[in-house]
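Please keep the sequence and the three-dimensional view side by side while reading. The paragraphs below move through the structure step by step.

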Amino acid sequence: MGRKIIIWILSAFLAASCASSPDPIPESVTGDIVPAVVTLTPFQPQPGAPVNPALKPSTPQVEPTYTPYPTKYIVSENLPTPVLVVPTPGEGIPDFSLLNTNNPLTGLPVSDPSLLNRRPMAIKIANSPDYVRPQSGLTLADVVYEYYIEWGDTRFIAVMYGNDSPMVGPVRSGRYLDEHIARMYNAFLMFKGADPRELSYLENSNLNDFLVIIYTHNSVCPPVTLGPERRDSYNNAFVNTAKWAACAAKKGVDNSRQVLRGGFFTEYVATGDLSATRIFSFFSKYSYNYWDYDAATHKYFRYQEANDIVGKKSESYIPLSDAQTGLPVTADNVVVLFVPYTFGNQFDAHDEVYHIDLVDTGSAYVFRDGFATPAIWNRTDENQPLLLTTLTGNPIYLRPGRTFYEVMGVTSTFKQDGTDWRFVFQTP
């Protein structure tokens, strides 16, 4: 009888507890723990994230919005002073050629000056899945942009001008950001299809004549070949830039030399108070990298993730190389840009189609010669490369050579740990 009474009391207690307890409310989350409840509202700056005293804090994107391209552009009168004025002989447009007689994108002489008598080519290059590496052509590009596309992955868009390569790729699909790059460099935009929304947008723009869309392999015009590696067919198409001029002539498209603003370059070793030996760009647990500075060559060497950070795996890196040249991927300058990412479909953030609004102006960091310079990027003209200035408006001189741009969101975070700089991408 005693046992029955005890069992009855315990049963009644448990029933009362279950009936009276509502759904548990998640406890507040701190540190690096991921909350159990995920909302589709834009991320805000992380609590406790270090603040860069040299830059104005970025305004959080409370409600992602997108203004149809183009918006306004920064005119020289609105830049901070002092700023170096581009020479203007007599009346008319500025003569950018007076700034530099070499390749305007690198500041270096080219082996074949006739290569500059054409439009540049902006080519999409895959960076995922992992088996597309090593890619071809990254060490022959003048300028390369890396940006977040979706689901943790990044992609490159390489501007080829002063060099040719029989293989550049693997070529992958286009995105909204590519329009900005193509316009800034007056370039042909070469890509392998796109999301229907993005493809329709590009085809209905005045860039349509300069779109080079790759749908088939072993094509003569555009000149596309299959790679020698055992990849799936979708990730194995490469562009032969040396054969594009003949194809452009056959198609009757304008491949004439364009007026491009010469960059500000000097081999004078830049120094400063902010040392930078390694520059980490953590886009996601699936895609992360760092640039390691080598003082002997004045170059930054690229290291790519060796594995995803899932389960109990930790960060691991391997050098990134170029299958076409056999050389390690290097940069003479690494520039981190803070640019607004906004959802193409604001009602479905999981769609992960982004507008990346590289217009007007924003914050940046310029890395060269083992030092970092807080900077401002300025889109002074729709059809000219970015102008990088100090916080007081003076142009920043890059080291002659290749420049890699890491395109971070304005709500991304970063911290400096000695000579290591770590940038962590955040979606809006």
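What follows is a walk through a predicted model, beginning with its sheet and ending with its aromatic side chains.

A convenient place to begin is the open sheet, which is built from ten strands in the order β5-β4-β1-β3-β2-β19-β13-β16-β17-β18, with mixed pairing. Its edges are formed by β5 and by β18, residues 387-389, each of which pairs on one side only. Taken on average and with direction ignored, neighbouring strands of this sheet are turned by 25° against each other.

At the β5 end of that order, strand β4, which covers residues 188-191, offers a clear view of how side chains are placed. In a regular strand the side chains alternate between the two faces of the sheet. In β4, F188 and M190 point one way while L189 and F191 point the other way, and all of them are buried. On one side β4 is joined by three bridges to strand β1, residues 121-126, and these two strands run parallel; within this pairing M121 stands opposite F188. Three bridges also join β4 to strand β5, residues 211-213, again in the parallel sense, and here I213 of β5 is the bridge partner of F191. The path from β4 to β5 includes helix α3, residues 196-203, and together the three elements make a right-handed β-α-β unit.

Moving from β4 to β1 and onward, the reader comes to strand β3, residues 153-160, which pairs with β1 in the antiparallel sense over six bridges. One pair of bridge partners in this arrangement is A126 of β1 and R155 of β3. Helix α2, residues 177-184, packs on the sheet and touches β1, β2 (143-150), β3 and β4, and the direction of this helix makes about 165° with that of β2.

Several loops carry backbone features that deserve a careful look. In the loop between β1 and β2, where P134 is placed, a cis peptide bond joins R133 and P134, with omega about 0°. A second cis peptide bond joins C221 and P222, with omega about 5°, and P222 is found in the loop between β5 and β6, the latter covering residues 224-226.

Two residues other than glycine also have a positive phi. For H298, phi is about 60°, and this histidine is found in the loop between β9 (288-294) and β10 (299-305). For D360, phi is near 70°, and this residue is placed in the loop between β15 (354-356) and β16 (361-368). Are these residues buried, exposed or partly exposed? H298 has a relative accessibility of 24% and therefore counts as partly exposed, whereas D360, with a relative accessible area of 16%, is buried.

The interior can be considered next. In soluble globular proteins, nonpolar side chains tend to be buried together. Here the largest nonpolar core has 89 residues, and those with the most contacts inside it are Y145, I181, Y185, L337, L358, F367 and F423. L358 illustrates such surroundings: leaving aside residues up to four places away in sequence, L358 touches L177, H180, I181, M184, L337, V339, W377, R379 and L386.

The aromatic residues give a last way of reading the model, which holds 31 aromatic pairs. A pair of aromatic rings is described by the distance of the centres and the angle of the planes. Y145 and Y185 form an edge-to-face pair, at 6.4 Å centre to centre and with 65° between the planes. Because Y145 lies in strand β2 and Y185 in the loop between α2 and β4, this pair ties together parts that are 40 residues apart in sequence. Both Y145 and Y185 are buried. Y290 and Y303, by contrast, form a stacked pair, at 4.9 Å centre to centre and with 5° between the planes. This second pair links Y290 in strand β9 with Y303 in strand β10, 13 residues apart. Y290, at 11% relative accessibility, counts as buried, whereas Y303, at 23%, counts as partly exposed. Beyond these pairs, Y148, F283, Y341, F343, Y354 and F425 form one aromatic cluster.

Note on methods: Residues numbered from 1 in each chain as written. Predicted model: local features only at pLDDT ≥ 70, side-chain atom pairs only at ≥ 80, totals over all residues. Heavy atoms only, no water. Buried < 20%, exposed > 50% of the residue type's maximum accessible area, 1.4 Å probe, protein only. Helix = DSSP H or I, 4+ residues; strand = E, 2+ residues; numbered from the N terminus. Pairing = 2+ DSSP bridges. Right-handed = clockwise from strand over helix to strand, strands pointing away. Axes fitted to C-alpha atoms, helices over the stretch in contact; angles between N-to-C directions. Contact = heavy atoms within 4.5 Å. Core = buried A, V, L, I, M, F, W, Y, C linked by side-chain atoms within 4.5 Å. Phe/Tyr/Trp six-rings, centres within 6.5 Å; stacked < 30°, edge-to-face > 60°.
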